[in-house]
Structure formats: C-alpha cells, structure tokens
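Reader: I would like a close look at one part, taken slowly and with each term explained as it comes up. Which residues are around the ligand, and what can be said about the place where they sit?

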Amino acid sequence: MDIKRVKLQSFDDTPDGEIFIAEGGKNIPFDIKRIYYINQLDNPKAVRGKHAHKKLEQVIFCVNGSFAIDLDDGKEKTSILLDATSAGVRLPSHMWHTMHGFSKNCALLVLASDYFDESDYIRDYDEFIALCA
Ligand code: TYD
C-alpha cells in the first residue's frame, strides 16, 4: 500500500519549544476546512476510528506521545506507529482506519478537507468492502 506521509516544516527553539507549520494547499494537499484534536486518551484499551470516508481527505498527526493506526484500502492492510510530531499520515477517502495503542498523554491532531458530515462516513466494514470492489 502506498502510504503518503506529510512532513511539516519545523523550527527548533528547544528548550523553549518547537514550532510545526501546516499550510493548506502547500504541505497539506487540500484546503483545510476543519481541524479537530483528540486528547484525554486515558483508557489504554481505547480504539477509535473504525470507519472510512466517501469523499473526505484528512491528514492525521500525533502531537504528543504515540499511537498505532491500522490502514485498510479494501485490498491491502498495514499498520503504522505514529510517534513523531513532525510527520503525519494521509488518510485519503475510502481508507478504513483504526487507531489504538495510545500512550499516556497521547494527543492526535487531524486536518480535514471538509466540514463534518455524518453522511460521508462508512461505518459498516462490509459496506466498505462492497464499495471497494
Ligand atoms: P468519529 O469521527 O467517529 O471519531 P473517531 O474516528 O476519532 O473515533 O467522531 C466521534 C463523534 O464525534 C461522532 O458522534 C461525531 C462527532 N464529531 C463531530 O460532531 N464533528 C467532528 O468534526 C468530528 C470529527 C466528530
């Protein structure tokens, strides 16, 4: 599977911080219409995602800690450990994704190409596989 990673430009001001820059239409391959983040992942058995999108494109980052993301394009499956702040993973449409294995204080950041629309979700795996055929 051809997984596309997105490397952010960064400036290292440590120990006074590090800055990472994402720009829609530049290093992010779409105009960003929505940003959401997930924190307080206190349950070590938490599993998130378990869906694909019909049209939405996203890039997912781990801005603290680490987690694993399982990717399935209907033909191939792979699993990636996200543990570097500067590199995200592209989630194109029709990519079933499941996030798990969240470390303590893990935080996820997602940049999305469109506003929230529940009708864009494919939440049933059999339906996803049928759409991929
Ligand atoms: P969901 O995308 O299923 O979360 P995850 O993929 O991380 O497991 O969203 C969880 C809930 O939050 C769902 O009921 C819809 C709601 N939600 C919004 O209302 N707006 C949003 O932008 C997002 C991402 C989720």
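Author: The ligand is surrounded by Arg34, Tyr36, Ile38, Arg48, Gly49, His51, Phe116, Tyr121 and Arg123, where a residue counts as near a molecule or strand if one of its heavy atoms lies within 4 Å of it. The model is a predicted one, so local features need a pLDDT of at least 70 and side-chain atom pairs count only at pLDDT 80 or more, while totals for chains, interfaces and linings use all residues. Residues are numbered from 1 along each chain as its sequence is written, and side-chain values use heavy atoms, with hydrogens and water left out.

Sorted by class, this shell holds four nonpolar, two polar and three charged residues; here Ala, Val, Leu, Ile, Met, Phe, Trp, Tyr, Cys and Pro are called nonpolar, Asp, Glu, Lys and Arg charged, and the others, Gly among them, polar. Strands β4 and β5 each contribute at least two residues to the shell, a strand being a DSSP run of E with at least two residues and a helix a run of H or I with at least four, numbered from the N terminus.

Three side chains come into polar contact with the ligand, which is to say that a pair of N or O atoms lies within 3.5 Å (within protein, one must be able to donate a hydrogen and the other to accept it, and residues adjacent in sequence count only if both atoms are side-chain atoms). In Tyr121, a polar side-chain atom is 2.6 Å from an oxygen atom of the ligand; for Arg48, an N or O atom of the side chain is 2.8 Å from a ligand oxygen, and for Arg123 the corresponding distance is 3.0 Å. The protein buries 63% of the 530 Å² that the ligand exposes when taken alone, areas that come from the Shrake-Rupley method with a 1.4 Å probe, although for residues only the protein chains shown count as cover.

We can now turn to the protein atoms by themselves. Rolling a probe the size of a water molecule over the atoms shows where empty space is left. The largest pocket has a volume of about 200 Å³. A pocket is found on a 1 Å grid over the protein atoms alone, as an open set of points where a 1.4 Å probe fits, with protein on both sides within 12 Å along at least five of seven lines, and its lining residues have an atom within 4 Å of a point. Grid points are joined across faces, edges and corners, and the volume is the space filled by probe spheres set on the points. Tyr36, Ile38, Arg48, His51 and Met99 are the closest to the centre of this pocket among its 15 lining residues, and the elements that give two or more residues to the lining are β4 (34–38), β5 (48–53), β6 (58–64) and β10 (96–100). The lining divides into eight nonpolar, four polar and three charged residues.

Strand β5 deserves one further remark, for it also contains Lys50, whose phi is positive, at about 55°, although Lys50 is not a glycine. Lys50 is classed as partly exposed because its relative accessibility is 46%, the classes being buried under 20%, exposed over 50% and partly exposed in between, with a 1.4 Å probe and protein chains only. In the loop between β4 and β5 lies Pro44, which counts as exposed because its relative accessible area is 64%.
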